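Please look at the chain below with its side chains shown, and follow the rings and the charged groups in turn. The report takes them up one after another and then turns to a single proline.

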Amino acid sequence: MSASTTPVPVRIDFVSDVSCPWCAIGLAALQQALDKLGDAVAVDMHLQPFELNPQMPAAGEDAVEHLQRKYSSSAEQIHTNQESIRARGAALGFTFNMDKRQRVYNTFDAHRLLHWAEGEGEGRDLALKQLLLRAYFTDGEDVSAHETLVRLAAEAGLDGARARAVLTDGSFADEVRAQEQLYLDKGIHSVPATIINNRHLISGGQPPEAFEQALRQITKVA
């Protein structure tokens, strides 16, 4: 891009859940696509909340039992799907250690913390989101535990004491619920869902090339 060319503004709403493996794949692929576009676009990224399991109890549930019950999947089908996810992640530089992800957790507090992080600016919410995904899928951590969330917030460059206060006092619960309902009302019932300029929907964990092609078409960037 020449020095005189103005970057094309583009808003991206990435609707996802912390416990969604395809969301980790989609976010990594989207970021690679944006890297290809470089400074041809000026991205306004918003990470929007979605809970795959809003009724999940605090103690969580065994991951395999959860998948078998929710999707009527056999152990063999689960293994095949997990291997596909692992391979897709590896191709994008994201490590899935499915043997460490033994439980599925409630992610509402993680979404509250992400909502707060967005208001802190400097891409803190994206940094926290990446840390949350790695903590869960790579390290098998409990991303509903406040101690884990506070530690990850600090690693993302956020104020740990403030993060703890947000989690303790229930801050941003109404805001997160409202955003979740907004996207449900828009007809989004599976994630990731990537919405470009409030008009164009890209569903699922697409490969980087698909994101790049769509973004070039939408923004008219060559």
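Two rings of Phe, Tyr or Trp (for Trp, its six-membered ring) are said to pair if their centres lie within 6.5 Å, and such a pair is called edge-to-face when the planes are over 60 degrees apart. In this model, which is predicted, ring pairs join Phe 94, Phe 96, Tyr 105, Tyr 136 and Phe 137 into a cluster.

Across the whole structure, a search finds four aromatic pairs. One of them is formed by Tyr 105 and Tyr 136, whose rings meet edge-to-face at 6.2 Å from centre to centre, with 70 degrees between the planes. This pair links distant parts of the chain, since Tyr 105 belongs to the loop between strand E4 (103-104) and helix H4 (108-119), whereas Tyr 136 belongs to helix H5 (residues 124-137), 31 residues apart. Tyr 136 also forms an edge-to-face pair with Phe 137, with 4.7 Å between the centres and 65 degrees between the planes.

Are these rings buried or exposed? Buried means under 20% relative accessible area. Tyr 105 has a relative accessibility of 11% and therefore counts as buried; Tyr 136, with a relative accessible area of 1%, is buried, and Phe 137 is buried at 0% relative accessibility.

The next topic is charge. Side chains of opposite charge can pair when their charged atoms come close. A search of the whole structure finds eleven salt bridges, and the table lists some of them.

| Salt bridge | Closest N to O distance |
|---|---|
| Glu 51 and Arg 177 | 2.9 Å |
| Arg 112 and Asp 109 | 2.9 Å |
| Arg 124 and Glu 122 | 2.9 Å |

The salt bridge between Glu 51 and Arg 177 ties together parts that are 126 residues apart in sequence, because Glu 51 lies in the loop between E2 and strand E3 (61-62) while Arg 177 lies in helix H8 (residues 173-185). Glu 51 counts as buried at 8% relative accessibility, whereas Arg 177 is partly exposed, its relative accessible area being 40%. Arg 177 also has its charged end over the ring of Phe 108, at 3.7 Å from the centre of that ring.

For Arg 112 and Asp 109 the setting is a single helix: they are three residues apart in helix H4, so about one helical turn separates them. Arg 112 counts as buried, with a relative accessibility of 3%. In the salt bridge of Arg 124 with Glu 122, Arg 124 counts as partly exposed at 25% relative accessibility, while Glu 122 is exposed with a relative accessible area of 70%. Elsewhere, Glu 51, Arg 177 and Glu 180 are joined into one network by salt bridges that share partners.

Finally, where is Pro 49 placed, and which residues does Pro 49 touch? Pro 49 has its place in strand E2 (residues 41-49), and because its relative accessibility is 6%, Pro 49 counts as buried. Leaving aside residues up to four places away in sequence, Pro 49 touches Val 15, Ser 16, His 111, Val 176, Gln 179 and Glu 180. Among these contacts is Glu 180, a residue of the network that also holds Glu 51 and Arg 177. Between Pro 49 and Trp 22 there is a separation of 27 residues in sequence and of 15 Å in space, from C-alpha to C-alpha.

Terms used
Residues numbered from 1 in each chain as written. Predicted model: local features only at pLDDT ≥ 70, side-chain atom pairs only at ≥ 80, totals over all residues. Heavy atoms only, no water. Helix = DSSP H or I, 4+ residues; strand = E, 2+ residues; numbered from the N terminus. Buried < 20%, exposed > 50% of the residue type's maximum accessible area, 1.4 Å probe, protein only. Contact = heavy atoms within 4.5 Å. Phe/Tyr/Trp six-rings, centres within 6.5 Å; stacked < 30°, edge-to-face > 60°. Lys NZ or Arg CZ within 6 Å of the ring centre and 35° of its normal. Salt bridge = Lys/Arg side-chain N within 4 Å of Asp/Glu carboxyl O.
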